[in-house]
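Hi everyone, thanks for making time for this one. I'd like to walk you through a structure, starting with the whole chain and then settling on one helix.

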Amino acid sequence: MPSFLAIASFAFLMSVLPGPVNLLTLHSGLKFGTRRTLSFVTGATLGFSALLCLIGLGVTSLPSEENWLLDGMTWLGAALIVWLALPLFSAKPPNDLKNQTPPSFWQGALLQWLNPKAWGACLAALSLFNLRADSWDLAFVVLLWTCLCFVGVGIWAPFGTSLRSILHTPRRMQLFGRVMGTILLSLVAVFLIQWARA
């Protein structure tokens, strides 16, 4: 069994670092509050855990001629992130959200499956800690990562909520939304450049 501290540190660090899911959690926390963002956080957490488990069990051990499937998932992931990022450019203040809803449980889960950062974290963990499907190590890491992922992603929601006192004007809210949208679109560009070079 790999070091508990090493696994926990790696899992939390990978969960809390900025990425598409965390930036959307931050923005949802700002607009809708922590409680209404928890569904998205839960979906993202369980989606990641399922992805880690299935990769660990060897579901993605595809022959080389099946690379089109992984390529397709890369493009779907990029499209999903763009689709979630575009509304940020027309961000409205928190008191003007009657016809808007926070990102959903299923959007969080699906985003993890199409998120290059999540795939990279899973593959790195399996390699670094030599996790095998025929041992209890994989089950332990999945359970541990589920808890730490919920905290690591979830912490961005109250952080977003706390920004309301700073971003209380429509102009500041719009500027913040555009910054978040630009960062997300930049991440998509980076992912696609890395994919093209691979």
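**The chain as a whole**

Of the 198 residues in this chain, 45% are buried. Before I go further, please keep in mind that this is a predicted model. What is the chain built from? It has nine helices and zero strands, so you can see why I'll be talking about helices today: read along the sequence, the pattern is α-α-α-α-α-α-α-α-α.

How do the contacts spread along the sequence? Take the contacts with a separation of 6 or more: 88% of them join residues 24 or more positions apart. As for the outside, the accessible surface comes to about 10,300 Å², and carbon and sulfur atoms account for 70% of that area.

**Along helix α7**

Now let's turn to helix α7, which covers residues 136-154. I'll take a few of its residues in order.

Leucine 138 sits in this helix. Is leucine 138 buried or exposed? Its relative accessible area is 4%, and because buried means under 20%, leucine 138 counts as buried. There is also a link to a distant part of the sequence here: the C-alpha atom of leucine 138 is 7.4 Å from that of cysteine 53, although 85 residues separate the two along the chain. Cysteine 53 itself is partly exposed, at 28% relative accessible area.

Next comes threonine 146, also in helix α7. Which residues does threonine 146 touch, leaving out those up to four places away in sequence? They are Thr45, Leu46 and Ser49. With serine 49, the side chain of threonine 146 makes a polar contact of 2.6 Å. A polar atom of that threonine 146 side chain also lies 2.7 Å from the backbone oxygen of valine 142.

Cysteine 147 is exposed, because its relative accessibility of 52% is over the 50% cut-off. For those of you who think about cysteines at the bench, how many disulfides does a search of the whole structure find? The count is zero.

Finally, phenylalanine 150 is in the same stretch, helix α7. With a relative accessible area of 34%, phenylalanine 150 is partly exposed. Phe150 belongs to a nonpolar surface patch together with Phe12, Leu38 and Val151. Together, the four residues of that patch have about 300 Å² of accessible area.

**To wrap up**

So, to recap helix α7: leucine 138 is buried, cysteine 147 is exposed, and phenylalanine 150 is partly exposed. Thanks for listening, and I'm happy to go back to any of these residues with you.

How values were computed. Residues are numbered from 1 along each chain as its sequence is written. This is a predicted model: local features need pLDDT of at least 70, side-chain atom pairs count only at pLDDT 80 or more; totals for chains, interfaces and linings use all residues. Side-chain values use heavy atoms; hydrogens and water are left out. Patches are made of residues with over 30% relative accessible area and no salt bridge: like charges are joined within 9 Å, nonpolar side chains (Val, Leu, Ile, Met, Phe, Trp, Tyr) within 5 Å. Accessible areas come from the Shrake-Rupley method with a 1.4 Å probe; for residues, only the protein chains shown count as cover. A salt bridge is a side-chain nitrogen of Lys or Arg within 4 Å of a carboxyl oxygen of Asp or Glu. Helices (H or I, at least four residues) and strands (E, at least two) are DSSP runs, numbered from the N terminus. Buried means under 20% relative accessible area, exposed over 50%, partly exposed in between (1.4 Å probe, protein chains only). A disulfide is a pair of cysteine sulfur atoms within 2.5 Å. A polar contact is a pair of N or O atoms within 3.5 Å; within protein, one must be able to donate a hydrogen and the other to accept it, and residues adjacent in sequence count only if both atoms are side-chain atoms. Contact means heavy atoms within 4.5 Å.
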